[in-house]
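This briefing covers a two-chain model, taken topic by topic. Please look over the sequence and structure below before reading the points.

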Amino acid sequence: MSDPMAQFRTAFFEEATELADSMEATLLSLDLQAVEVEDLHTLFRAAHSIKGNAGTFGFPAIASFTHQLESTLEPVRQGQRAMTSDLRELILQGVDLIRSHLHHARHDEPLPEKEQQAQTLLVVKLKEGKDAPAAAPAPAAVEVKAPPAGSSSAHRAGTGFSIRFEAPQDAFRRGVNLERLFRDLAKLGTMRSWPDLSHLPVLDRLDPEDCHLAWDIRLETAHPMMDVEEVFEFVAEGDNLRIQSLPAEGAVPPLGDYLQVEANVSPADIREALAKQKPLGEILVDMGKVKPEAVGKALEQQAKKRTQSEASTVRVATEKIDRLVNLVGELVITQAMLAQASLQSNSMQGEEQMNAALLQLDRQTRELQERVMGIRMVPVDMVFSRFPRMVHELGRQLGKDVELTMEGQATELDKTFIEMLVDPLTHLVRNSVDHGMEEKESRLQSGKPTIGTIALRASSRGGHIYIEIKDDGRGLNRDKILQKALDRGILPPGSHPSDEELHLLIFEPGFSTVEQVSDLSGRGVGMDVVRQNVRALGGRIEVESQMGKGTTIRLVLPLTLAILDGLTVRVADETYVFPLASVLESFQCNDADVQTVKGDREVISLRGEFIPVVRLQRLLALGSCQNTGRALLVLVESEGRRAAMAVDELLGQQQVVIKSLETHYKRVEGISGATILGDGRVALILDVSGLMRLEAGAATVEA
Amino acid sequence: MSPCILTVDDSSTMRQMITFTLKSANFEVVEAGDGVEALEVAPGKKLSLIITDVNMPRMDGITLVQRLRALPEFKFTPILVLTTESDASMKMKGKEAGATGWIVKPFSPEKLLEVVNKVI
């Protein structure tokens with residue numbers, strides 16, 4: 001081969017492509033809630049390698065662009081910048097641009113104008129996030145303990161590093177120049193080092209060719225960790241090199257750090273001193289105050305609590321916390337006003353003041369409630385952000401051109417919801433691409449644009465969150481669904497369901513109108529799981545579809561799990577709450593309409609369907625029912641089953657705050673929680689499916 | 001007197017590139033086409049550094065490093081190995097044989113000088 005560079009170039013393209021693929025795979029597998037540091041290192045290394053190799057082979061454009069990605073990733077892997085879904089999206093775009101660069105470079109073409117522009121824009125965006133870590137375009141999510149915005153400037157990577165380096169034993173025999181190494185290190189900033197000679201053997205056992213030296217080094221520098229690692233490149237093996245960032249500006253360093261700088265105490269001595277500190281448990285055991293087993297048990301409990309509190313961290317935008325602090329300030333003022341007013345409560349003026357203050361208190365408590373709930377809220381974009389790529393990939397695999405549009409990504413949802421919605425939404429979006437969208441040819445034939453559109457929309461209205469997946473595909477086939485439902489016995493023969501009822505059948509377990517199970521959908525979660533998850537969150541699903549025009553699936557969710565839309569009812573002298581999401585309707589009927597079957601089971605015929613009647617008064621053991629001749633029934637549905645619950649009075653519809661019975665009392669079958677009503681009384685919240693199970697069980701026992 | 005570096009590679013183009021780069025940075029350079037030739041050329045040159053390729057006819061780079069380390073003259077001389085891929089196993093093999101460090105191919109002239117300056 002006449003030109004070794006040409007040979008290397010081919011290898012470079014292959015390697016760089018592989019590296020880009022690995023970057024993408026790593027990015028997509030990242031769990032943003034708990035990012036693995038090793039993954040960040042992998043990402044960084046990949047970008048670093050592409051950059052280095054591109055430079056060698058005369059592709060400065062690729063090198064300089066990858067350099068931007070690399071320097072974006074550097075603070076991320078050092079924990080100084082959060083890996084957000086926005087950032088992930090940007091880096092994914094970057095990976096695509098690298099691929100495009102490689103493709104064009106391979107064919108000796110320049111990068112097309114359009115992609116040049118995209119690249120410029122991307123570089124600007126990458127830098128934006130860097131300069132203002134706490135004011136990203138999306139709602140700024142910063143760790144509560146993070147230093148206040150602006151305190152860390154763009155290129156400042158902490159204040160430096162604390163390094164522990166144990167030279168490999170064969171360093172001399174390998175011709176390693178340790179002096180040179182320290183000189184290179186000192187070039188990076190201000191260095192202070194403490195040799196650790198504790199590993200030196202006694203003189204008569206010492207082989208002068210062996211190296212037994214170790215150092216503790218404190219390096220104050222603005223250089224990134226990568227530069228420090230590079231100095232140690234040939235002598236780092238496994239765990240003989242540990243580099244840690246010095247505490248960031250604003251954080252208070254431990255005493256040992258001050259002693260290092262002020263009194264020149266070596267880190268090895270500090271470690272030794274720290275090792276002499278005995279754990280509390282050990283001291284207590286030595287004092288004979290406690291048994292070792294008890295300490296072990298206590299430690300276990302502590303560890304458990306620690307993992308629990310770690311697992312349930314929520315990142316909160318600082319602005320939300322600021323607002324809460326302000327609000328508490330206002331409350332204090334209101335409290336002072338009330339105190340003042342109560343002193344002159346007999347006067348006309350005092351009463352006026354009191355009323356004004358109470359009005360203010362009302363507004364403030366309501367706002368406080370909303371804002372405290374808001375702490376649990378995270379933008380829906382955390383789920384949405386994965387879809388553009390998924391839709392793109394799916395479309396490519398299936399040979400369909402699909403465009404995904406998104407709206408309302410900033411809509412906020414309870415954190416628990418986000419986690420539980422990932423699978424259902426993924427399934428629905430996949431379904432839309434896979435089953436909803438027609439092939440290109442059939443779209444053309446029906447006069448539609450060849451590019452299909454899927455719209456993801458999130459919004460919040462009137463105490464509910466709406467998430468919509470709308471496609472302009474083939475729509476649901478009414479006849480096919482009806483036929484299938486009749487075949488499977490899901491609908492009784494001769495039924496004439498409304499469109500709405502019919503469409504909802506696609507969420508029945510084991511219901512699929514697509515004969516062949518495709519590779520993409522039809523695996524993992526099914527539509528019934530989608531419904532289950534949505535219901536578990538206290539929400540419901542609506543389907544609108546028109547043959548040939550498209551399908552819209554709408555998830556309607558409550559704002560938060562802690563508050564429930566309830567229907568309050570009276571049974572005997574007690575008040576109970578039905579979750580409104582499971583109530584279909586309520587109606588009055590005469591006792592004569594209720595028929596008894598199998599001895600003691602009661603059913604009522606409603607529009608041709610027999611529905612079991614549940615006497616709540618009997619089931620909840622509130623005494624026997626008096627026969628009034630008429631009954632008030634609430635028709636409820638849960639997990640696909642319906643029941644008519646007999647109550648004495650409908651009191652009204654209201655939002656209630658859910659208190660867990662388990663934490664305050666114990667688990668009770670048929671009851672999902674409790675709430676405190678306006679008059680201070682406690683009302684139990686009914687668990688509809690639990691009640692149905694209870695009723696079925698009771699009947700079996702009696703039978 | 002400027003430091004003298006021995007470069008060992010069977011590809012003459014590669015050797016030329018390395019020699020050119022090192023000479024332009026004011027190093028003296030001696031060349032050898034494989035391990036056997038290197039062992040003949042090296043003694044008595046007061047070498048400051050040896051850079052060797054791994055895959056070579058007659059004697060490969062790893063064997064060369066072992067043979068050099070066995071000679072008192074080269075016991076502590078820095079030796080860099082040219083590894084063809086960023087393969088960790090080759091780096092380890094080089095280290096075990098006694099090499100000081102490595103340069104991952106492909107590399108730019110700047111990278112070559114950077115690594116050379118790290119070990120001399």
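Of the 120 residues in chain B, 40% are buried (20 or more other C-beta atoms within 10 Å of a residue's own; exposed means 12 or fewer, partly exposed anything in between, with C-beta atoms placed from the backbone). The model is predicted: local features need pLDDT of at least 70, side-chain atom pairs count only at pLDDT 80 or more, and totals for chains, interfaces and linings use all residues. Residues are numbered from 1 along each chain as its sequence is written, while chains are lettered from A and ligands numbered from 1 in the order in which they are written.

**Confidence**

- The model has an ipTM of 0.84 and a pTM of 0.38.
- For chain B the average pLDDT (the predictor's confidence in each residue, from 0 to 100) is 87, and 95% of the residues score at least 70.
- Among the elements of chain B, the lowest mean pLDDT, 81, belongs to helix H4 (residues 88-97), and the highest, 94, to E1(B).
- Chain A has a mean pLDDT of 79, with 86% of its residues at 70 or more.
- In chain A, residues 515-524 have pLDDT below 50, and this stretch has ten contacts in the model beyond near neighbours in sequence; a contact is a pair of residues whose C-beta atoms, placed from the backbone, lie within 7 Å.
- Residues 699-703 of chain A also stay under 50 in pLDDT, and the model has two contacts for them beyond four places in sequence.

**Chain B: layout and helix H1**

- Chain B contains five helices and five strands; helices (H or I, at least four residues) and strands (E, at least two) are DSSP runs, numbered from the N terminus.
- The order of these elements from the N terminus is β-α-β-α-β-α-β-α-β-α.
- Of the contacts in chain B with a separation of 6 or more, 59% join residues 24 or more positions apart.
- Helix H1 of chain B (residues 12-24) has 13 residues and runs 18 Å from first to last C-alpha, close to the 18 Å expected at 1.5 Å a residue; the expected span is 1.5 Å times one less than the number of residues.
- The buried residues in H1(B) are Ile18(B), Thr21(B) and Leu22(B).
- These buried residues line one face of H1(B), because they fall within an arc of 95° seen down its axis; the arc is that of the directions from the helix axis to the C-beta atoms.
- On the face of H1(B) turned away from the buried side are the exposed residues Ser12(B), Phe20(B) and Ser24(B).
- Packing partners of the buried residues of H1(B) are strands E1 (4-8), E2 (28-32) and E3 (47-53) and helix H5 (109-119) of chain B.
- Asn26(B), just after H1(B), has a positive phi of about 70°.

**Chain B: Asp60**

- Asp60(B) sits in the loop between E3 and helix H3 (61-70) of chain B.
- Asp60(B) counts as partly exposed because it has 16 C-beta neighbours inside 10 Å.
- Outside its neighbours within four places in sequence, Asp60(B) contacts Gly35(B), Val54(B) and Asn55(B).
- Asp60(B) and Gly35(B) are 25 residues apart along the chain, and their C-alpha atoms are 6.0 Å apart.

**Chain A: helix H15**

- Helix H15 of chain A (residues 387-398) has twelve residues, which should span 16 Å at 1.5 Å a residue; the 16 Å between its end C-alpha atoms agrees.
- Phe387(A), Val391(A), Leu394(A) and Gly395(A) are the buried residues of H15(A).
- They cover an arc of only 100° around the axis, so they are on the same side of H15(A).
- The face of H15(A) turned away from this side carries the exposed residues Arg396(A) and Gln397(A).
- The buried residues of H15(A) pack against helices H14 (381-384) and H16 (415-436) and strands E6 (402-407) and E8 (452-461) of chain A.

**Nonpolar cores**

- The largest nonpolar core (buried Ala, Val, Leu, Ile, Met, Phe, Trp, Tyr and Cys residues joined through C-beta atoms within 7 Å) has 43 residues, and Val391(A), Val429(A) and Ile454(A) have the most contacts inside it.
- H16(A) gives the largest share of this core, eight residues.
- A second, separate core has 31 residues, including Leu6(B), Ile18(B), Val65(B) and Leu68(B).

**Interface**

- Contacts between the chains involve 18 residues of chain A and 21 residues of chain B.
- On the side of chain A that touches chain B, H2(A) supplies the largest share, four residues.
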